[in-house]
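User: Please take me through selected features of the model shown here, giving the criteria behind each term.

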Amino acid sequence: MIIYKTPQQIEEYAQGAGVLSARVLREIGARVKPGVSTLELDQFAETFIRLHGGVPGFKGLYGFPGSICASVNEQIVHGIPSKNVILKEGDIISVDTGATVNGWVGDNAWTFPVGKVSPEKKHLLEITEKCLWAGIEAARPGNRLGDVGHAIQEVAEGAGYGVVREYVGHGVGRVMHEDPNVPNYGRKHTGIELKPGMIIAIEPMINIGTHRTKTMDDGWLVVTRDGKPSAHFEKTIAITEDGPRLLTCEPDFMRPVNK
């Protein structure tokens, strides 16, 4: 069941969970560099969120042990932070995190380069971010979920990349995962109609090679089947009468996406 939010609730989400989730993600990105462990990034995230009045939305969710998911290179999602995973020059790292504020759950992700990366990885990041904005642009009232997925898929596959099928975006609100699922692939004019009051997370996961995935023995970490790099970008947005509104962003960017 889709839970529609009032304009007041959307504003409360934006000013609390949205702002803090965006801030912590940006601060983590500023600390991504060679020699840093993913556990150090996780510890910073938890401290930052709590100091600013939030609760880490990921920690304990379904039993997950971290405040961030830290996924490096061929790792797609759900990497558990570890003191043994040390970032190296040329890596890329997807950081997925969020803060719960006043009962609203924030969710966002970004893939950061570690120092100077190869042209291949740089292009992957550029295309995956482009996929994110294409999906957001399509998330307008009257459009359907298939329009969002198609917009993402068209950009990714146009660049020769694989679109992950098993993991998708989702509704967000008082809990991390609400209806509906938001696939990163699809056909135009199909699926659930987008209506004002919906809050959804759009999160393309794009692979240089095959779209196929494999879950590792810890039951969490998901990697590309062929071992090639993957990138992951995510924003939580609200569907409004004026179009998509970014929610996991800092105040200067709190406005509807340009039509």
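## Salt bridges, helices and strands

User: What is the relative accessible area of E46?

Analyst: This is a predicted model, in which local features require pLDDT of at least 70 and side-chain atom pairs pLDDT 80 or more, while totals for chains, interfaces and linings use all residues. Residues are numbered from 1 along each chain as its sequence is written, and side-chain values use heavy atoms, leaving out hydrogens and water. Buried means under 20% relative accessible area, exposed over 50%, and partly exposed in between (1.4 Å probe, protein chains only). E46 is therefore buried, as its relative accessible area is 17%.

User: Which residue forms a salt bridge with E46?

Analyst: A salt bridge requires a side-chain nitrogen of Lys or Arg within 4 Å of a carboxyl oxygen of Asp or Glu. The partner of E46 lies four residues away, about one turn, in the same helix α2 (residues 38–51); helices are DSSP runs of H or I with at least four residues, and strands are runs of E with at least two, numbered from the N terminus. That partner is partly exposed at 45% relative accessibility. With an N to O distance of 3.0 Å, the side chain that meets E46 is that of R50.

User: How many residues apart in sequence are the parts tied together by the R26 and E250 pair?

Analyst: The side chains of R26 and E250 meet in a salt bridge at 2.5 Å, N to O. R26 lies in helix α1 (residues 7–30) and E250 in the segment after β17 (243–246), so the parts that this pair ties together are separated in sequence by 224 residues.

User: Which of R26 and E250 is buried?

Analyst: R26 has 42% relative accessibility and therefore counts as partly exposed. Its partner has a relative accessible area of 19%, so the buried residue is E250.

User: Which residues are joined into one network by salt bridges that share partners?

Analyst: The structure holds 11 salt bridges. One of them links E137 and R140, with the closest N and O atoms 3.2 Å apart. Salt bridges that share partners join into one network the residues R26, E27, R31 and E250.

User: How far apart are the end C-alpha atoms of helix α3?

Analyst: Helix α3 (residues 119–138) has 20 residues, and the expected span of a helix is 1.5 Å times one less than its number of residues. The buried residues of α3 include L124, L125, I127 and T128. The expected span of α3 is 28 Å, which agrees with an end-to-end C-alpha distance of 29 Å.

User: Which strands stand at the edges of the open sheet β1-β5-β6?

Analyst: Two strands pair if DSSP finds at least two bridges between them. The open sheet has three strands in the order β1-β5-β6, paired antiparallel. Each edge strand has a single partner, so one side of each is left without a neighbour in the sheet; these strands are β1 (55–56) and β6 (104–105).

User: Which residue of β17 stands opposite I237?

Analyst: Strand β16 (residues 235–240) pairs with β17 in the antiparallel sense over four bridges. The two strands form a hairpin with two residues between them. In β17, the residue opposite I237 is L246.

User: What is the relative accessibility of S67?

Analyst: S67 lies in the loop between β1 and β2 (68–72). Not counting residues up to four places away in sequence, S67 touches residues that include D42, E46 and D96, where contact means heavy atoms within 4.5 Å. S67 counts as buried, because its relative accessibility is 0%.
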